[in-house]
Amino acid sequence: MTSPPTIATKFLPAKDQLGLVAVGFSGGQCKPGVDAAPSALIESGLLTDIQETLEYTLYHDGIVHGYSKHLPAPGTDLPLHVAGAKAPMINPIAVSNVTHAICDQVYEHASKGRLVLTLGGDHSIAIGSVAGTAKAIRERHNSSEMALIWVDAHADINTPQCSGSGNIHGMPVAFLTGITKAPIENPDIFGWIKDEHRINPSKIVYIGLRDVDIPEKKILRDHGIRAFSMHDIDKHGIGKVMDMALDHINCGPGQEGMPIHLSFDVDALDPYVAPSTGTPVRGGLTLREGDFICEVIHETGYLVAMDLVEVNPALSGDGPESIGPKETIRAGCSLVRCALGESLL
């Protein structure tokens, strides 16, 4: 049995208070099934591990939210044609409304000083979860900035103008940094995002990138965003990459540190480990490398929130239909437990 976490938290009043938001939403992309992930993760025993093994006091309403009251009437959420865009934004009203609701839910926990775990759902939900954490951190720590560690095969920093698909799960970081604002064509869509919700691009670190669109590469360069691709991990090893990542956001040994929001897309892992995800890319992280990232972030004592997204139990990958979802769910649970303090010894 794993001992409960012993790392002192630096930006939370207690180390054992956890708020959970379960987000059954798939509107940021086009493949059904990712909305079922929170239920699958919970049914696998994740919450039992969090409460009984890791000894967190869990604050959860017991609901996997579908956000039906926030969804527009059928046939009214038309693709939004933004000036200069390659493709229209898909489900813009639904994603804007739902992420606004998620922002409020996460803020409700984070404003009380709880560590917040958001289980998705596709990665568009991070627009809401990160925004809610950022707002609470600014209020609780007198305008303190927050770091965002984004572990993903993809950069998810497309603007509506450069996205080739129009799927908003490829745009969240652009909205969170203010690189993309509410569209002139309809300012009510994502107009709820204010400066208090945003992240400074200099406080973002990517880990695990290996499928980055050409316009995204330019955005990363133009804004000086620190990104570690799989090439960097192959070259330096995951230990050195984590040292460099934490040093960049002033969270290394002997540094002042800042609150960290970890947003982990399960497709950062190699499809051999986690095949049941919507946009798998070969050549990714091993499960141990993924767990190590989470372990190291936990050990800083700076973690204030985590997202786990893009587990899709409806997709089997290349393996037997029953194996892919099971292994992907197991991997997702492992990542969460490690971020919350599970250790090997």
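**Group meeting: helix packing and a few odd backbone spots**

Let's begin in a loop: the place of Glu-310 is between E9 and H10. One thing to keep in mind throughout is that this is a predicted model. Glu-310 is not a glycine, and yet its phi is positive, about 70°. So is that residue buried or exposed? Buried, because its relative accessible area is 3%, and the cut-off for buried is under 20%.

Staying in that loop, Pro-313 also sits between strand E9, residues 303-309, and H10. Pro-313 comes out as partly exposed, at 23% relative accessible area. Which residues does Pro-313 touch, if we skip anything up to four places away in sequence? Gly-33, Ala-36, Ala-37, Ala-40 and Pro-325. If you want a distance for scale, take Ala-182: Pro-313 is 131 residues from Ala-182 in sequence and 32 Å from it in space, C-alpha to C-alpha.

Now go back to strand E9 itself, where we find Leu-303. Leu-303 has 8% relative accessibility, so it counts as buried. Here the sequence gap to look at is the one to Ile-260: 43 residues along the chain, but the C-alphas are 4.7 Å apart. Ile-260 is also among the contacts of Leu-303, along with Leu-12, Leu-115, Leu-262, Ile-297 and Ala-339, again leaving aside neighbours within four places.

On to the helix after that loop. H10 covers residues 323-339, so 17 residues, and its first and last C-alphas are 25 Å apart, close to the 24 Å expected at 1.5 Å a residue. How many of those residues are buried? It's 13 of the 17, so H10 is largely enclosed by the rest of the structure. Just past the end of H10, Gly-341 has a positive phi of about 120°.

What does H10 pack against? One partner is H9, residues 287-300, with axes 7 Å apart and an angle of about 25°. H9 and H10 are therefore roughly parallel, since the cut-off for that is under 35 degrees. The crossing of H9 and H10 is right-handed. On the H9 side we have Leu-287, Gly-290, Asp-291, Cys-294, Glu-295 and His-298, and these meet Ala-331, Ser-334, Leu-335, Cys-338 and Ala-339 of H10. Sorted by class, that contact has 6 nonpolar, 3 polar and 2 charged residues.

H9 also has H8, residues 238-248, to deal with: their axes come within 10 Å and cross at roughly 40°. That crossing is right-handed too. From H8, the residues are Ile-238, Gly-239, Met-242 and Leu-246, and they meet Glu-289, Phe-292, Ile-293, Val-296, Ile-297 and Thr-300 of H9. The split for H8 with H9 is 7 nonpolar, 2 polar and 1 charged.

Next, another helix pair. H3, residues 92-110, and H4, residues 126-140, have axes that come within 7 Å and cross at roughly 40°. The handedness of H3 passing H4 is right-handed. H3 brings Thr-99, Ile-102, Cys-103, Val-106, Tyr-107 and Ala-110 to the contact, while the H4 residues include Ile-127, Ala-131, Lys-135, Glu-139 and Arg-140. By class, we get 8 nonpolar, 5 polar and 3 charged residues there. H3 itself has 19 residues and reaches 26 Å end to end, C-alpha to C-alpha, close to the expected 27 Å. With 14 of its 19 residues buried, H3 is largely enclosed by the rest of the structure, so there's a parallel story to tell for this helix.

Leading up to H4, there's a backbone detail to check on your screens. The peptide bond from Gly-120 to Gly-121 is cis, with omega near 15°. Gly-121 is in the loop between E4 and H4.

Last stop, H2, residues 46-53. Which of its residues are buried? Leu-46, Leu-47, Ile-50 and Thr-53. The buried residues of H2 pack against E1, H1, E2, E4 and, back to our earlier helix, H10. H2 is followed by Glu-55, which lies in the loop between H2 and E2. Glu-55 has a phi near 60°, positive in a residue other than glycine. And its accessibility is 47%, so Glu-55 counts as partly exposed, whereas Glu-310 is buried.

Note on methods. Residues numbered from 1 in each chain as written. Predicted model: local features only at pLDDT ≥ 70, side-chain atom pairs only at ≥ 80, totals over all residues. Heavy atoms only, no water. Helix = DSSP H or I, 4+ residues; strand = E, 2+ residues; numbered from the N terminus. Expected span 1.5 Å × (residues − 1). Buried < 20%, exposed > 50% of the residue type's maximum accessible area, 1.4 Å probe, protein only. Axes fitted to C-alpha atoms, helices over the stretch in contact; angles between N-to-C directions. Parallel < 35°, antiparallel > 145°, perpendicular 65-115°, else oblique. Left-handed = near helix turned anticlockwise from the far one by under 90°. Contact = heavy atoms within 4.5 Å. Nonpolar A, V, L, I, M, F, W, Y, C, P; charged D, E, K, R; others polar.
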